[in-house]
Amino acid sequence: HLAESGGGLVQPGGSLRLSCQASGYVLDYYAVAWFRQVPGKEREGLACVSTRGRPAEYATAVKGRFTISRDPAKNMFHLDMNDLKPEDTAVYHCASSPDYQCSGRYEVWGQGTQVTVSA
């Protein structure tokens with residue numbers, strides 16, 4: 001089970017941290033990722049990080065602004081979002097993979113948290 005938190009309303013140029021708490025299994029053995037979805041559009045992969053020691057991967061739209069990180073002690077991972085833009089408005093989902101590296105396969109999903117970027 002995964003549960004997101006940290007969404008909300010933020011002004012353009014602002015920052016937010018999303019968190020994803022896992023329960024029932026240890027995240028540290030698996031790749032984890034963040035996605036977002038806008039109604040009427042396909043789900044968009046944003047960032048993925050494999051098991052400890054491997055570099056994270058980012059979508060072009062968020063590279064340099066978003067950072068994915070793990071918190072193994074708390075069995076969580078995060079998405080730090082900076083320089084937010086109105087086009088970042090979406091429901092954000094976290095997910096974990098059955099694989100140790102970013103393979104594109106995700107089996108466990110969070111319910112989503114709304115991020116709204118608006119003045």
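## Salt bridges and a four-stranded sheet

R65 has a relative accessibility of 10%, so this residue counts as buried. Keep in mind as you explore that the model is predicted. R65 is a good place to start, since its side chain meets the side chain of D88 in a salt bridge. Across the whole structure, a search finds six salt bridges. Some of them are described below, followed by a look at an open sheet built from four strands.

**The pair D88 and R65**

- In this salt bridge, the N to O distance between the two side chains is 2.8 Å.
- D88 sits in the loop between β8 (76-81) and β9 (90-96), while R65 sits in the loop between β6 (57-58) and β7 (66-71).
- The pair therefore ties together parts of the chain that are 23 residues apart in sequence.
- D88 has 0% relative accessibility, which means that it counts as buried.
- For R65 the value is 10%, and this residue is buried too, because buried means under 20% relative accessible area.

**The pair K85 and D83**

- Another salt bridge joins the side chains of K85 and D83, with 3.5 Å from N to O.
- K85 counts as partly exposed, at 28% relative accessibility.
- D83 is likewise partly exposed, and its relative accessible area is 38%.

**The pair D99 and R105**

- D99 and R105 also form a salt bridge, and their closest N and O atoms lie 2.7 Å apart.
- D99 has a relative accessibility of 18%, so it counts as buried.
- R105, in contrast, counts as partly exposed at 46%.

**A network of salt bridges**

- Which residues are joined into one network by salt bridges that share partners? They are R36, E44, R65 and D88.
- You have already met two members of this network, R65 and D88, as partners in a salt bridge.

**The open sheet**

- Following the sheet across, you would meet its four strands in the order β1-β3-β8-β7, and their pairing is antiparallel.
- Which strands are at the edges? They are β1 (2-5) and β7, each of which pairs on one side only.
- On average, neighbouring strands of this sheet are turned by 20 degrees against each other, with direction ignored.
- β3 covers residues 16-22 and pairs with β8 in the antiparallel sense, over six bridges.
- To find a matched pair of residues here, look for Q21: its bridge partner in β8 is M76.
- The sheet and the salt bridges share some landmarks: β8 and β7 are strands of the sheet, and each also borders a loop that holds a partner of the D88 and R65 pair.

Key
Residues numbered from 1 in each chain as written. Predicted model: local features only at pLDDT ≥ 70, side-chain atom pairs only at ≥ 80, totals over all residues. Heavy atoms only, no water. Helix = DSSP H or I, 4+ residues; strand = E, 2+ residues; numbered from the N terminus. Buried < 20%, exposed > 50% of the residue type's maximum accessible area, 1.4 Å probe, protein only. Pairing = 2+ DSSP bridges. Axes fitted to C-alpha atoms, helices over the stretch in contact; angles between N-to-C directions.
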